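Me: I'd like to learn how to read a structure like this one. Could you walk me through it?

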Amino acid sequence: MRMAGTDEQQAGPCDEVASRSDSTASAVSQLFRDHNRMLVGYLTSRLRSEQEAKEVAQEAYVRLLQLQDPGTPSLLRAYLFKTATNLAIDRLRHRRVQHQAEEQPELFESLTATGIESDDPANQLVEREQTARILAAVKERQTAAE
């Protein structure tokens, strides 16, 4: 008889986790129904792309589902929008770096060079100068983003 009581005690935490997981999924599902259209609209205005907005929203919902202790529905809504905003900002930063790389390919040529000419001191100097400009541009972007 004692074994049965022990089994019931061990099953308790698992049941609690499963129940919490179901509760989170239910809350996220409700958030999706209530706020997805507004969230996607908000993200579309920031990202200027409905497709990207839908992708970011989906990623934000996935992150909500991964929460251990989701809290109240109002906290989940705030977390959803904050997470989506942060993901959108990350995408915008990535776009800016990509755009900069496309506008100034000469800055990135040394990064993709095969290194055949790296024995030449003149080329080494040019590569160091290009690297210094890249670093300065990255630092400038980081300072501007903060």
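Reply: Happy to. Keep in mind that this is a predicted model. A good start is how far apart in sequence the touching residues are: among contacts between residues at least 6 apart, 63% join residues at least 24 apart.

Me: Which secondary structure elements does the chain have?

Reply: The chain has 5 helices and 0 strands, so the pattern along the sequence reads α-α-α-α-α.

Me: How much of the chain is buried?

Reply: Of the 146 residues, 21% are buried. The accessible surface comes to about 10,700 Å², with 53% of it belonging to carbon and sulfur atoms.

Me: How many aromatic pairs are there?

Reply: Ring centres within 6.5 Å count as a pair, and here the count is 2. Take Phe-32 and Tyr-61: their rings sit 5.4 Å centre to centre with 65° between the planes, an edge-to-face pair. Phe-32 belongs to helix α1 (residues 2-47) and Tyr-61 to helix α2 (residues 50-65), so this pair ties together parts 29 residues apart in sequence.

Me: Are those two rings buried or exposed?

Reply: Under 20% relative accessible area counts as buried. Tyr-61, at 7%, is buried, while Phe-32, at 43%, is partly exposed.

Me: And what about Tyr-42 and Phe-81?

Reply: They form a tilted pair, 6.3 Å centre to centre with 50° between the planes. Tyr-42 is in helix α1 and Phe-81 in helix α3 (residues 73-103), 39 residues apart. Tyr-42 is partly exposed at 30% relative accessibility, and Phe-81 is buried at 17%.

Me: Which residue lies over the face of Phe-81?

Reply: That is Arg-77, at 5.0 Å from the ring centre.

Technical notes
Residues numbered from 1 in each chain as written. Predicted model: local features only at pLDDT ≥ 70, side-chain atom pairs only at ≥ 80, totals over all residues. Heavy atoms only, no water. Helix = DSSP H or I, 4+ residues; strand = E, 2+ residues; numbered from the N terminus. Buried < 20%, exposed > 50% of the residue type's maximum accessible area, 1.4 Å probe, protein only. Contact = heavy atoms within 4.5 Å. Areas by Shrake-Rupley, 256 points an atom, 1.4 Å probe, with all protein chains shown as cover. Phe/Tyr/Trp six-rings, centres within 6.5 Å; stacked < 30°, edge-to-face > 60°. Lys NZ or Arg CZ within 6 Å of the ring centre and 35° of its normal.
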